[in-house]
Amino acid sequence: MDTWQTIPWHLIMPLIVLQLILMITALISLARTPYTRGPKRLWIILIIGLNLIGTIAYFVAGRRDRR
């Protein structure tokens with residue numbers, strides 16, 4: 001039996017779509033935000049490389065107010 005046929009896509013696909021939406025939202029927010037905690041290039045790598053953890057880290061710790 002093929003491995004791809006045994007994967008429960010109806011359960012996994014919503015998680016993949018949610019992850020992509022969060023990643024795109026974080027990247028758009030990063031592009032529009034003039035001030036971040038740390039260099040923007042590092043946040044791009046974290047958002048894309050660490051997927052959900054990087055996205056959550058950006059929204060929790062990466063953005064900052066204009067001060």
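Of the 67 residues of this protein, 19% count as buried. The model is a predicted one. The exposed area of the protein is about 5400 Å², and carbon and sulfur atoms supply 68% of it.

**Overall form**

The protein holds four helices and zero strands. In sequence order the pattern is α-α-α-α. The C-alpha trace spans about 60 × 15 × 15 Å along its principal axes. The radius of gyration is 15 Å, whereas a compact globule of 67 residues would have one near 11 Å. Among contacts between residues at least 6 apart in sequence, 55% join residues at least 24 apart.

**Confidence**

The mean pLDDT of the protein is 88, and 94% of the residues reach 70 or more. By element, confidence is lowest in helix H1 (residues 3-6), with a mean of 79, and highest in helix H3 (residues 40-49), at 94. Where pLDDT is low, the predicted coordinates should not be read in detail.

**The nonpolar core**

The largest nonpolar core has six residues: Met23, Ala26, Leu30, Trp43, Ile47 and Tyr58. Helices H2 and H3 are the elements that give two or more residues to this core. H2 gives the most, with three residues.

Ile47, one of the core residues, is in contact with Met23, Ala26, Leu27, Leu30, Gly54, Thr55 and Tyr58, leaving aside neighbours within four places in sequence. Several of these partners belong to the core as well, among them Met23, Ala26, Leu30 and Tyr58.

**Two buried polar residues**

Gln19 is placed in helix H2 (residues 9-32), and Thr55 is found in helix H4 (residues 52-62). Gln19 has a relative accessible area of 14% and is therefore buried, the cut-off being under 20%. Thr55 also counts as buried, because its relative accessibility is 1%.

The two residues touch each other. Not counting residues up to four places away in sequence, Gln19 also touches Asn51 and Leu52. On the same basis, the contacts of Thr55 include Leu22, Met23, Ala26 and Ile47. Of these, Met23, Ala26 and Ile47 are members of the nonpolar core. The table sets out the values for Gln19 and Thr55.

| Residue | Helix | Relative accessible area | Residues touched, beyond four places in sequence |
|---|---|---|---|
| Gln19 | H2 (residues 9-32) | 14% | Asn51, Leu52 and Thr55 |
| Thr55 | H4 (residues 52-62) | 1% | Gln19, Leu22, Met23, Ala26 and Ile47 |

**Aromatic residues**

The structure holds two aromatic pairs. One of them, formed by Trp43 and Tyr58, is edge-to-face, with 5.7 Å centre to centre and 65° between the planes. This pair links distant parts of the chain: Trp43 lies in helix H3 and Tyr58 in helix H4, 15 residues apart. Both Trp43 and Tyr58 are buried, and both belong to the nonpolar core. Together with Phe59, Trp43 and Tyr58 form one aromatic cluster.

**Links between helices**

Which residues does Thr55 touch, not counting residues up to four places away in sequence? They are Gln19, Leu22, Met23, Ala26 and Ile47. Thr55 itself is in helix H4, and Gln19 is in helix H2, so the contact between the buried residues Gln19 and Thr55 joins H2 to H4. The pair of Trp43 and Tyr58 links helix H3 with helix H4.

Terms used. Residues are numbered from 1 along each chain as its sequence is written. This is a predicted model: local features need pLDDT of at least 70, side-chain atom pairs count only at pLDDT 80 or more; totals for chains, interfaces and linings use all residues. Side-chain values use heavy atoms; hydrogens and water are left out. The radius of gyration is taken over C-alpha atoms; the globule rule is 2.2 Å times the number of residues to the power 0.38. Buried means under 20% relative accessible area, exposed over 50%, partly exposed in between (1.4 Å probe, protein chains only). Contact means heavy atoms within 4.5 Å. Accessible areas come from the Shrake-Rupley method with a 1.4 Å probe; for residues, only the protein chains shown count as cover. pLDDT is the predictor's confidence in each residue, from 0 to 100. A nonpolar core is a set of buried Ala, Val, Leu, Ile, Met, Phe, Trp, Tyr and Cys residues joined through side-chain atoms within 4.5 Å. Rings of Phe, Tyr and Trp (its six-membered ring) pair if their centres lie within 6.5 Å; planes under 30 degrees apart count as stacked, over 60 as edge-to-face and the rest as tilted.
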